Amino acid sequence: MASVVIATAFGGPEVLSVADEPTAEPGPGEARIEVRAAGVNPIDAKAYSGAFGSDPARLPLRLGSEAAGVVTAVGPDAVGPAGPITAGQEVIAFRAPGAYATELVLPAEALVPKPAALDWAQAAGLMVTGATAWHVLTATDVDKGDTVLIHAAAGGVGVMAVQLAAARGARVVATASPARHDFLRGLGAVPVAYGAGLADRVRAAAPGGIDAALDLVGTDEAIDVSLALVADRARIATIAAFARGLEAGIKVLGGAPGADPGTTIRAAARLDLARLSGEGTLRVFVTQTFPLADAAGAHRAIMGGHATGKIALIP
């Protein structure tokens with residue numbers, strides 16, 4: 001039996017509980033993993049909040065989409081992106097529906113080797129934000145010599161995007177509250193405070209101009225400043241301002257209607273993300289961990305919207 005976190009109703013974190021469910025034997029092309037940590041993301045809380053509808057047929061709803069653990073059994077032809085999956089292997093799982101659990105059975109295609117340099121919590125927090133950042137940078141063609149403006153750079157996706165842009169050889173101008181400026185400087189970015197006068201502060205930070213802009217927060221300010229500073233709308237992307245982005249003719253990325261989900265790009269990024277994190281080029285900052293039984297506490301923390309690093313659940 002596996003312990004799993006479920007939402008028994010739609011609402012806030014108070015609807016979360018832990019239940020026992022049988023774990024199946026892995027079938028062809030599948031593997032079973034013992035979960036050592038599961039990544040917590042804002043989208044997990046939205047899943048049961050009613051933001052995506054409140055059809056009672058969806059309940060009880062299992063949560064999570066990324067985890068790290070040890071393979072305990074494999075079915076025939078269990079082959080992942082890096083090759084055959086074997087029992088005893090340490091892996092990162094993404095995409096991993098129901099990742100808030102002690103055990104998971106998943107397609108082997110969802111598993112990549114865990115870099116030894118990452119602990120379990122870091123490994124469990126690598127892929128959702130990392131793959132999203134990779135997609136946004138790829139969609140806007142950010143490369144060596146570019147200057148890129150990243151809105152909400154101290155958030156989960158933003159921290160990854162800053163590091164990945166720098167690894168590509170781009171110069172990063174990063175918006176964030178002043179309290180997080182030193183942190184962003186440590187990642188190689190030039191931080192600027194958001195708020196009135198943002199466009200002028202960005203111009204001062206990047207007198208040579210801005211080549212691309214990434215909106216990771218969804219505010220009118222982020223869209224307005226991006227449109228004012230970037231000439232080519234194909235090099236502006238948002239993962240949050242869906243209606244405004246479609247109206248403005250910029251790239252809208254993610255799971256909303258009309259958005260580009262980037263499924264192939266995000267899946268292909270996993271091995272690169274693992275490699276870069278294993279080399280130390282890409283760091284995962286875990287600021288809080290919670291026991292699996294306190295998933296509600298983890299969700300209250302992430303819903304506060306002020307976490308710079310990742311939150312992980314530990315079974």
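Two residues are in contact when heavy atoms of theirs lie within 4.5 Å.

**Figure 1. Contacts and burial across the whole predicted model.** Of the contacts in the protein with a separation of 6 or more, 66% join residues 24 or more positions apart. Buried residues account for 52% of the 315 residues.

**Figure 2. The overall fold, with 10 helices and 18 strands.** The radius of gyration is 20 Å, close to the 20 Å that the globule rule gives for 315 residues, so the protein is as compact as a globular protein of that length. Along the principal axes, the C-alpha atoms fill a box of roughly 60 × 40 × 35 Å.

**Figure 3. Surface and charges of the protein.** The accessible surface is about 12700 Å², and carbon and sulfur atoms make up 55% of that surface. The protein has 24 positive and 30 negative charges, and the mean positions of these two sets are 6 Å apart.

**Figure 4. Close-up of R32 in strand 3 (residues 30-40).** R32 has a relative accessibility of 14%, which is under the 20% cut-off, so R32 counts as buried. Leaving aside neighbours within four places in sequence, R32 touches T23, A24, E25 and P26, then V70, V71, T72 and A73, and also E103, L104 and V105.

**Figure 5. Close-up of helix 10 (residues 295-303) and its cover.** The buried residues in helix 10 are A295, A296, G297, A298, H299 and I302. Their cover includes strand 3, the strand that holds R32. Also among the covering elements are strand 1 (2-7), strand 2 (16-21), helix 1 (42-49), strand 17 (286-291) and strand 18 (310-314).

Conventions
Residues are numbered from 1 along each chain as its sequence is written. This is a predicted model: local features need pLDDT of at least 70, side-chain atom pairs count only at pLDDT 80 or more; totals for chains, interfaces and linings use all residues. Side-chain values use heavy atoms; hydrogens and water are left out. Helices (H or I, at least four residues) and strands (E, at least two) are DSSP runs, numbered from the N terminus. Buried means under 20% relative accessible area, exposed over 50%, partly exposed in between (1.4 Å probe, protein chains only). The radius of gyration is taken over C-alpha atoms; the globule rule is 2.2 Å times the number of residues to the power 0.38. Accessible areas come from the Shrake-Rupley method with a 1.4 Å probe; for residues, only the protein chains shown count as cover. Lys and Arg count as positive and Asp and Glu as negative; His and the chain ends are not counted. The place of a charge is taken as NZ of Lys, CZ of Arg, CG of Asp or CD of Glu.
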